[in-house]
Amino acid sequence: MDVDDGDAGLELVYLLRRITGRLDLMGSEFAAANGLHPTDLRALVHLLDARREEIPATPGWLSGKLALNSASVTALVDRLVRAGYVRRTRDNRDRRRVLLTVQDEAVRLGWAFFGGVTRDMLAAMREFDGAELGIARRFLERMHDVVRADKPTDPVVRLLPLDEATTERLLTVAVHEARPIDVMPPVPDGDTWTPAAENAFREFHRSHFHGAHGTVMYAVEAEGSLTGMIRMARVSTDEAETGMWLGRSARGKGIGTAALRALVAEAAAVGVRTIVADSTSGNAAALGALRTCGATLTHHGDDVRAELPIGVPTR
Ligand SMILES: CC(C)(COP(=O)(O)OP(=O)(O)OC[C@H]1O[C@@H](n2cnc3c(N)ncnc32)[C@H](O)[C@@H]1OP(=O)(O)O)[C@@H](O)C(=O)NCCC(=O)NCCS
């Protein structure tokens, strides 16, 4: 598409550039005042976001976020460790994996940088009502989608029917990157993984091996790694229900959409004509994946029912 000088949207593009430019400048000034390289500050911001979103941050993950090679990331992490902002720890469940844990000093630094501007932004937002902020959010999310560096096009996804070995691998993903409540029917203390919760996970998945009870569960493998689960539960001869979850670090990269596309192909092969799913209006990622695959969404208050006729072309 050619850019038309008269396009009203251009004004918004320039405004976004001014905001990001100004924030970048503030970041560089703040980094210099605290003896940090601007990239070190960017790394700390990613690590603080990961801590808030409970994403396990590894050096490999950080090198993807910063688009730096592993030698540069090692040097950068060394600097942050020396300055007391980050610690390298061994993952308790996988001793080969190194995790980067931000220290309280980094949180204080982050707040010293963002605190003032965050407070001022929040105060300015009170000039808008909920509906206006909802539109602002949708607009900013779309702009973020356009510029984000880590959005691969159509990741290669395979669905692997669950067996004992795959279930164990899936459990490792679940324990590292999800809560029990996200991945199976409720267990006591569904926020924390305990040996009992791990056994409940095994039992729950075992009870659906080989399509038992009309439900086939698949591990979702993306670019060679297990990332989560998607299921197809037969409701009638021509209708099936679906649901899925992905580990936190796999979300938002198109894997959910690709897994749903793959499930549609599986369903079509066994004669299913409609796939249905239940979600909530706040689950933008689930609704986005369903919509992109051709589902019609019907809202009932906060509940959303998705119906995906098989045979409708997906984009
Ligand atoms: C729901 C889930 C499986 C979706 O998979 P995903 O790989 O994260 O989703 P995708 O990256 O394929 O994105 C799907 C769409 O949602 C959008 N999206 C993704 N993450 C988003 C977010 N956090 N906020 C807003 N939109 C988002 C994408 O832009 C995409 O829309 P588009 O096709 O119009 O570009 C995954 O996010 C997840 O496991 N969530 C937690 C468990 C859960 O909620 N399961 C569903 C229960 S119904």
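Colleague: Which of the 23 residues around the ligand come nearest?

Modeller: In this predicted model, Leu246, Gly252, Gly254, Gly256 and Thr257 come nearest among the 23 residues around the ligand.

Colleague: What makes the approach of Leu246 to the ligand a polar contact?

Modeller: A polar backbone atom of Leu246 is 2.7 Å from an oxygen atom of the ligand, and a polar contact is a pair of N or O atoms within 3.5 Å, so the pair qualifies. A backbone N or O atom of Gly256 likewise lies 2.7 Å from a ligand oxygen atom, while for Thr292 an N or O atom in the side chain is 2.7 Å from an oxygen atom of the ligand. Of the 930 Å² of accessible area that the ligand has on its own, the protein covers 74%.

Colleague: Which helix gives the most to the shell around the ligand, and with how many residues?

Modeller: Helix 11 gives the most, with 6 residues. Other elements that each supply at least two residues of that shell include helix 6 (130–147), strand 6 (239–246), helix 10 (255–269) and strand 7 (274–280).

Colleague: Why are 36% of the residues of the protein chain called buried?

Modeller: Buried means under 20% relative accessible area, and 36% of the 315 residues of the protein chain count as buried, therefore they fall under that cut-off. The accessible surface of the chain comes to about 18500 Å², of which 55% belongs to carbon and sulfur atoms.

Colleague: How many helices and strands does the protein chain have?

Modeller: Its secondary structure comes to 11 helices and 9 strands, and its C-alpha atoms fill a box of roughly 65 × 55 × 35 Å along the principal axes.

Notes. Residues are numbered from 1 along each chain as its sequence is written. This is a predicted model: local features need pLDDT of at least 70, side-chain atom pairs count only at pLDDT 80 or more; totals for chains, interfaces and linings use all residues. Side-chain values use heavy atoms; hydrogens and water are left out. Helices (H or I, at least four residues) and strands (E, at least two) are DSSP runs, numbered from the N terminus. Buried means under 20% relative accessible area, exposed over 50%, partly exposed in between (1.4 Å probe, protein chains only). Accessible areas come from the Shrake-Rupley method with a 1.4 Å probe; for residues, only the protein chains shown count as cover. A residue is near a molecule or strand if one of its heavy atoms lies within 4 Å of it. A polar contact is a pair of N or O atoms within 3.5 Å; within protein, one must be able to donate a hydrogen and the other to accept it, and residues adjacent in sequence count only if both atoms are side-chain atoms.
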